[in-house]
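This report considers the surroundings of a bound ligand and then one helix of the protein. The reader may wish to keep the sequence and the three-dimensional view at hand.

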Amino acid sequence: MRDDEVIAELGMPLEARPSALPFDGPRTWWIGDGIVAWCASEARVRDELAGLARGAAHPLAPRVVAHTARAIALAASPDAPEDALEALVASAPREVRTIEATVRAHLEGIASPISVPRALARIVGRARTDRLLARTLRVTTRVGPILGGVHPAWLRRAEGGVASLSMRHAQHEGWSAIDLVAPEVFGLGALRDDDDDAAYDLALLAALAREATLARGDDAEDAAERARDVVDRLMPRDTARAVRVRVEAPAWLDTSRWRGDIPAAKARWALRELDGLPLGGEIVRVHVDPPLRAGRAAPPWRPRSERRRELFSRWDRGIQADDEGLFSATPEALADRIAEGAHGVVIDGTCGIGSIAIALARRPEVREVIAVDLDTSRLAMAAHNARIYDVASRIRFVHGDVHDVIARERADVLVLDPPWGGRDYDRARVVAEDLALDVRPLIATFEGAIVLKLPRSFDVRTLPPGFVTEPGVDARGGIKMLIVRRAAQRPRGA
Ligand SMILES: C[S@@+](CC[C@H](N)C(=O)[O-])C[C@H]1O[C@@H](n2cnc3c(N)ncnc32)[C@H](O)[C@@H]1O
């Protein structure tokens, strides 16, 4: 019987989503209105149901809404919004507990098929392992009941798919945290809530030690290197390993953070994020001595609501966006950076849903923003969004082509954020001809100051002289775009 036929027997409208995790867990999830379901072998389903029954009295227990011999459906949030999985995660109650103990005691609380201290001794040496194990750490963790099933709180969406996190190894007063870190171990996305999360780090350390012991070849070595990074994080700074780093990059990029003797973990970040990166028409190279492995990248997982609030801090007040507008919207912090230095009358020639126009209008030095877009519905959304930021009265919304607008309006500054070519824009090299709006004639005619927001792969060497480039860096240090400025050719009215 095919999995979809098994799920059909549950008798509920459910939509299939593939699971991206290469470890213990169903291949596919089915998600419906307030329901998450999956299927497996009869033995596994029996196991999970028995575990769910054992934990049924616990306040954190997921509720089984239906099951057959090969499938289980669990309740999600009762008001089940568009994304049932997110609703399920959000609705899960969490019991938070703070435990102060030695690293050794903490590690003993994490179920693992290997001896983590012995594995660590092989990876970082006995003396360092002993020092680490003796350290006292205060960690805050979420604890749950013994459940054979999947707990909603550990059900997260990882980059590229749905992450299922089995609780099969959970122990009553212990952690199932080793499964929580599995997506990071497999390079699918980090589910940590913040960078300074000792509970997560300990679980990650146990998982990497297991991987370094049980995996083979490159995978084992990779896990060992990353385990060393975690040990560096958990031990006092002065004992962290330092390596020597040299970066070849475009002259305008300040690389001082990554140059010289820096902690290995930071060097590994630079290797992953920067080495081989096409930036401004050149390729960045990171040289590390002694050589290090970059390790598999694990982008931090962040809930969608958080990502939206990074775009618009007032997202929850009813910001409007269409798919393209959302994809090309500038995160608020970067929009503020783009708006820096703007003054007088400013034309935002490609305003989309308004991120940059709003940032410009919030600057006291800016008298008026003329926000232009070819797309009427996006322009209406920008006007609505500007009202949410109380700056609509400082913006004149103009439906039309930016070429016509700069020909008839007088302005001090022109900001252009041309479409980059959709989600599949060329990450290797982009030049002006590739952009859906050719900025060259606009740059040539406009005499005021100019600010361009361009893809990081844009070859800035092809721009006319006088443009200065800076990287547009997000809150996690990643280079998301280029911000390119040119001063006014001559003062307005001269
Ligand atoms: C990358 S988006 C702008 C995103 C916006 N700056 C933000 O951060 O929210 C580009 C916008 O330029 C508009 N556009 C493209 N060609 C244009 C033109 N010739 N004149 C005016 N707008 C144009 C598109 O409709 C699209 O909304």
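In this predicted model, a nitrogen atom of the ligand is 3.3 Å from an N or O atom in the side chain of D401. This polar contact and two others are set out below.

| Residue | Ligand atom | Protein atom | Distance |
|---|---|---|---|
| D401 | nitrogen | side-chain N or O atom | 3.3 Å |
| R378 | oxygen | side-chain N or O atom | 2.8 Å |
| L374 | nitrogen | polar backbone atom | 3.4 Å |

Taken on its own, the ligand has 600 Å² of accessible area, of which the protein covers 93%. The shell that surrounds the ligand consists of 22 residues, and the closest are T330, S355, D373, R378 and D417. Thus R378 is among the closest residues and also supplies the side chain for the contact of 2.8 Å with a ligand oxygen. Sorted by class, the shell holds nine nonpolar residues, eight polar residues and five charged residues.

The second topic is helix α5, which spans residues 116-124. Which residues of α5 are buried? They are V116, A119, L120, A121, I123 and V124. The elements that cover these buried residues include α4 (103-108), α6 (126-134), α9 (198-214) and α10 (217-234).

Both ends of α5 can also be described. At the N-terminal end, S115 acts as a cap, with a side-chain oxygen 3.2 Å from the backbone nitrogen of R118. Just after the helix, G125 adopts a positive phi of about 90 degrees.

Technical notes
Residues are numbered from 1 along each chain as its sequence is written. This is a predicted model: local features need pLDDT of at least 70, side-chain atom pairs count only at pLDDT 80 or more; totals for chains, interfaces and linings use all residues. Side-chain values use heavy atoms; hydrogens and water are left out. A residue is near a molecule or strand if one of its heavy atoms lies within 4 Å of it. A polar contact is a pair of N or O atoms within 3.5 Å; within protein, one must be able to donate a hydrogen and the other to accept it, and residues adjacent in sequence count only if both atoms are side-chain atoms. Accessible areas come from the Shrake-Rupley method with a 1.4 Å probe; for residues, only the protein chains shown count as cover. Ala, Val, Leu, Ile, Met, Phe, Trp, Tyr, Cys and Pro count as nonpolar, Asp, Glu, Lys and Arg as charged, and the others, Gly among them, as polar. Buried means under 20% relative accessible area, exposed over 50%, partly exposed in between (1.4 Å probe, protein chains only). Helices (H or I, at least four residues) and strands (E, at least two) are DSSP runs, numbered from the N terminus. Contact means heavy atoms within 4.5 Å.
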